[in-house]
Amino acid sequence: MLVLGIETSCDETGLALYDSERGLLADELYSQQEIHREYGGVVPELASRDHVRKALPLLQQLLASAGCRQADIDAVAYTAGPGLLGALMAGATLARALAFGWGVPALGVHHMEGHLLAPMLEKDPPEFPFVALLVSGGHTQLVRVDGLGAYRLLGESLDDAAGEAFDKAARMLGLPYPGGPPIARLAEQGDGSRFAFPRPMVNRPGLDFSFSGLKTHTLSTVQAAGGAENLSAQDRADIAEAFQSAVVDTLVIKCRRALRQELLTRLVIAGGVSANACLRQRLQAALAETGDRVYYAEPRYCTDNGAMIAYAGCRRLLAGQRDQAETPLRPRWPLQELAPV
Ligand code: KG4
Ligand code: ZN
């Protein structure tokens, strides 16, 4: 089955072709980051309009790079939520119109399920069951995964998501949006012994997170060092390192705790923050001590992309799922509301 996947939940227009026999044939991504950068975050109306402009030209490019024709496509999967409503509408309307015109089924897919399954696009995919750490701009969740659609929430952030914390800390340091990649780059030059940042909630039992205190701590550290405009390059790098280490250590501690609690040995990390090299390294080192293993997608499939939607859609379509006439879009859509397939 050849599935076209369309992702438009936020500020990336991602299209991909996934074939159940041959794997991922091609994917195209257009990022709107330049458009939103001057506002320091995503402007929903600008995002919707740009998805409308970019999606069809990307489809032509996608077909050309895969060497496929429209007539080869067996189904269209698209992101139905969670995400910005206008942006979701742009992708869903296109997906449903294409599917209707081509006489093939359409299927709305959960964005976070797409992230969660993306590591299965790799050569050595994880087997069920596993614990998943979903870390994106809007979510920080630990989930027990027993199969497709069989998700049990173990813990989540009580305030900011991990990616959001990176974005806010970056802003305090005068770095561009999205903040994860520039913080990670700066942190490489940082001296980890200069600032001691707290590891929030690690001494409390349970698997929930809180990152808003780290944000406050970052702000007071910036102010104590003379304010954002007066920081030297080294100050910035040292603060970035301290901040990143605090987030990563907190995530590592909770992941190990979740594996122990669930008596599982496989951890999957997914979502934009799972592209973070420090997180990958420290998880790998920590899990190796107990003989456990961490799985992740290559960085381009950690952040938003069409391939994960084509893949998740394909698995559900193969199980017989199809959109009903009145399938709603869901800007808010808890992952655990999905039913096992
Ligand atoms: O999954 P994603 O592309 O979009 C959402 O579904 O939210 O995640 C975007 C988030 C942003 O907050 C961005 O700063 C963060 O992922 N991010 C990173 C890195 N790359 C992206 N955070 C830390 N390190 C990175 N290398
Ligand atoms: Zn995402």
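The paragraphs below lead through a predicted model, beginning with its metal site and ending with some details of its backbone.

A good place to start is the zinc ion, which is ligand 2. Three residues coordinate the zinc ion, namely His-111 and His-115, each through its NE2 atom, and Asp-304 through OD, at distances of 2.0 to 2.1 Å. Read along the chain, these donors follow the spacing H-x3-H-x188-D. Two of these donors, His-115 and Asp-304, bring together distant parts of the chain, since they stand 189 residues apart. His-115 belongs to helix 4, which covers residues 111-117, whereas Asp-304 sits in the loop that runs between strand 10 (293-295) and helix 10 (306-318). Both His-115 and Asp-304 are buried.

From the zinc ion the reader can pass to ligand 1 by way of His-115, for a polar side-chain atom of this histidine lies 3.1 Å from an oxygen atom of ligand 1. His-115 is thus named both as a donor to the zinc ion and in a polar contact with ligand 1. Another contact comes from the backbone, where an N or O atom of Gly-180 lies 3.0 Å from an oxygen atom of ligand 1. In the side chain of Asn-276, an N or O atom is 3.0 Å from a nitrogen atom of the ligand. Taken alone, ligand 1 exposes 550 Å², and the protein buries 88% of that area.

Which elements give two or more residues to the shell around ligand 1? They are helix 4, helix 5 (162-172) and helix 6 (180-187), and the largest share, 3 residues, comes from helix 5. In total, 20 residues surround ligand 1, and the closest of them are Gly-137, Asp-167, Gly-180, Gly-272 and Asn-276. Gly-180 and Asn-276, listed here among the closest residues, have already appeared above, the glycine through its backbone and the asparagine through its side chain. Sorted by class, the shell holds 12 polar residues, 6 nonpolar residues and 2 charged ones.

Away from the ligands, the aromatic rings offer another way into the fold, and a search of the whole structure finds 4 aromatic pairs. In one of them, the rings of Tyr-18 and Tyr-311 have centres 5.1 Å apart and planes at 90 degrees, and the pair is therefore edge-to-face. This pair, too, links distant parts of the chain, because Tyr-18 is in strand 2 (residues 12-19) and Tyr-311 is in helix 10, 293 residues apart. Each tyrosine is buried, Tyr-18 with a relative accessible area of 13% and Tyr-311 at 7% relative accessibility. Another of the pairs joins Phe-209 and Phe-211, whose ring centres are 6.0 Å apart and whose planes meet at 15 degrees, so this pair counts as stacked. Phe-209 and Phe-211 are both buried.

The backbone also has details that reward attention. Most peptide bonds are trans, and most residues other than glycine have a negative phi. Against that background, a cis peptide bond joins Gly-81 and Pro-82, with omega at about -15 degrees, and Pro-82 lies in the loop between strand 4 (75-81) and helix 3 (85-102). A cis peptide bond also joins Phe-128 and Pro-129, where omega is about -5 degrees, and Pro-129 is found in the loop between helix 4 and strand 6 (130-135).

Positive phi values are found at Met-201, where phi is near 70 degrees, and at Leu-263, where phi is near 55 degrees; neither residue is a glycine. Met-201 has its place in the loop between helix 6 and helix 7 (212-224), while Leu-263 lies in the loop between helix 8 (233-262) and strand 9 (266-270). Are these residues buried or exposed? Met-201 counts as buried because its relative accessibility is 15%, under the limit of 20%, whereas Leu-263, with a relative accessible area of 75%, is over the 50% that marks an exposed residue.

A last stop is Val-76 in strand 4, which counts as buried at 0% relative accessibility. Val-76 and Trp-102 are 26 residues apart in sequence, and their C-alpha atoms are 9.7 Å apart in space.

Terms used. Residues are numbered from 1 along each chain as its sequence is written. Chains are lettered from A and ligands numbered from 1 in the order in which they are written. This is a predicted model: local features need pLDDT of at least 70, side-chain atom pairs count only at pLDDT 80 or more; totals for chains, interfaces and linings use all residues. Side-chain values use heavy atoms; hydrogens and water are left out. Donors are N, O and S atoms within 2.8 Å of the metal (3.2 Å for Na, K and Ca); water is not among the atoms, so sites may look incomplete. Helices (H or I, at least four residues) and strands (E, at least two) are DSSP runs, numbered from the N terminus. Buried means under 20% relative accessible area, exposed over 50%, partly exposed in between (1.4 Å probe, protein chains only). A residue is near a molecule or strand if one of its heavy atoms lies within 4 Å of it. A polar contact is a pair of N or O atoms within 3.5 Å; within protein, one must be able to donate a hydrogen and the other to accept it, and residues adjacent in sequence count only if both atoms are side-chain atoms. Accessible areas come from the Shrake-Rupley method with a 1.4 Å probe; for residues, only the protein chains shown count as cover. Ala, Val, Leu, Ile, Met, Phe, Trp, Tyr, Cys and Pro count as nonpolar, Asp, Glu, Lys and Arg as charged, and the others, Gly among them, as polar. Rings of Phe, Tyr and Trp (its six-membered ring) pair if their centres lie within 6.5 Å; planes under 30 degrees apart count as stacked, over 60 as edge-to-face and the rest as tilted.
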